[in-house]
Amino acid sequence: MAFKVPASFRAAYDELASELEVGKKYLDSRLQAELDDLNPVAIQVRVKDAGSIYAKLQKGESPELLDLDDLIAARAVFLHPQQVSLAMEACQKTFTVIEERNTEVGKPDDFRYQQPHLIAGFPRDYVERKPALARVKVEIQFTTYIQHALQESTHDVIYKGARFSWREHRLDSRLRGLLEIVDELLANLQDLAQVDEEPPYPLFDSRNRIIEAAQEIWDDGELPVDLRRFAITVEGLLKLSGFDVADWLAVAQEHGDLIHAYSLTPVDKVIGVILRDRPGKFIQSLKKRRILVSSELEELVPQAIKIPQENRVRF
């Protein structure tokens with residue numbers, strides 16, 4: 001059941017609510033634009049409901065409704081702590097900052113919920129167009145994906161529960177300390193992985209040879225962004241044809257017209273070389289495997305026409 005508020009307060013809230021919704025939409029779009037370069041995982045914006053506002057006013061800490069600092073609140077979520085800092089700096093330049101919270105390093109034994117916040121007014125140019133929002137404060141919180149997940153998981157239990165629980169609060173603090181460590185590990189994952197020497201692992205070693213071979217033949221701009229998926233795809237194709245990487249690379253040098261064709265992707269070119277050199281073995285080995293065959297590939301490699309329809313990906 002929703003928290004009931006007096007009709008007199010409801011009337012005051014309803015008068016402001018439509019303006020708050022307008023401000024919410026603006027804040028959402030402005031944050032999306034300002035933080036786009038930092039690749040936020042999520043940006044959440046909400047308007048505080050009437051029941052929550054009334055209960056907060058009952059604490060007696062704010063003289064009036066428009067003195068509340070989170071009538072509109074946003075949370076910007078990022079993968080790593082470094083992005084959190086950069087996002088806060090970007091918002092400090094955009095919004096009229098009233099107060100910064102939780103920006104100082106806490107006590108070494110304190111792991112309470114204390115993600116950095118900005119309490120701010122809307123940008124001056126926007127307020128000139130929307131004077132009804134001139135006194136409305138917004139709260140912008142910055143956090144990492146891991147801390148966000150914990151907050152979402154524990155909020156109703158820890159902060160909105162029916163009773164106070166020492167054990168629940170203690171567990172929440174312990175988890176925050178643990179996840180702070182995980183945040184730092186993930187942010188420096190690549191460096192940490194280099195601490196020990198890379199052990200030999202045949203599966204990864206063979207796939208890395210495929211990537212290295214591709215980099216010998218093609219420029220970075222010609223290769224797909226996801227080189228690991230490319231290597232797995234090519235690995236399967238080479239197995240079907242009985243090629244190892246070195247043999248395929250040697251044969252590929254004989255087909256410069258195909259290797260440097262603008263109309264084909266690197267995977268298409270791998271298939272093309274295989275079809276020119278070992279069409280029979282490759283096609284016989286397909287069984288239930290499907291191949292994406294473009295008209296451009298058939299034009300440059302007529303052997304591709306022999307790939308049965310049941311072994312083709314349709315598009």
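**Close-up 1. N39 sits in the loop between α1 and β1 (42-47).** The model is predicted. In this view the backbone of N39 takes a phi near 50°. That is a positive value, in a residue other than glycine. N39 is exposed because its relative accessible area is 56%, and the cut-off for exposed is over 50%.

**Close-up 2. K287 lies in the loop between α13 (279-285) and α14 (295-300).** K287 is not a glycine, yet its phi is positive, at about 50°. The relative accessible area of K287 is 71%, so this residue counts as exposed.

**Close-up 3. D49 caps the N-terminal end of helix α2.** The cap is made by the side chain of D49. One of its oxygens lies 3.0 Å from the backbone nitrogen of G51. Helix α2 itself spans residues 50-57.

**Close-up 4. Helix α2 packs its buried residues against α1.** The buried residues of α2 are A50, G51 and I53. They share the same side of α2, because they cover an arc of only 165° around the axis. An α-helix has 3.6 residues a turn, so residues three or four places apart point the same way. The partner in the packing, α1, runs over residues 7-34. G51 appears here among the buried residues, and its backbone nitrogen is the one that faces the capping oxygen of D49 in the previous view.

**Close-up 5. S241 is a buried residue of helix α9.** The helix covers residues 227-241. S241 counts as buried because its relative accessibility is 0%, where the cut-off is under 20%. Leaving aside residues up to four places away in sequence, S241 touches I274, R278, K281 and F282. Of these contacts, K281 and F282 fall within the residue range of α13 (279-285).

**Close-up 6. L185 belongs to helix α6 and is partly exposed.** Helix α6 runs over residues 166-187. The relative accessibility of L185 is 43%, so L185 is neither buried nor exposed: buried means under 20%, exposed over 50%. A second leucine, L240, helps to place this site. L185 and L240 are 55 residues apart in sequence. In space, their C-alpha atoms are 40 Å apart. L240 also falls within the residue range of α9 (227-241), the helix of the previous view.

How values were computed
Residues numbered from 1 in each chain as written. Predicted model: local features only at pLDDT ≥ 70, side-chain atom pairs only at ≥ 80, totals over all residues. Heavy atoms only, no water. Helix = DSSP H or I, 4+ residues; strand = E, 2+ residues; numbered from the N terminus. Buried < 20%, exposed > 50% of the residue type's maximum accessible area, 1.4 Å probe, protein only. Arc of directions from axis to C-beta. Contact = heavy atoms within 4.5 Å. Polar contact = N/O pair within 3.5 Å; in protein donor to acceptor, adjacent residues only side chain to side chain.
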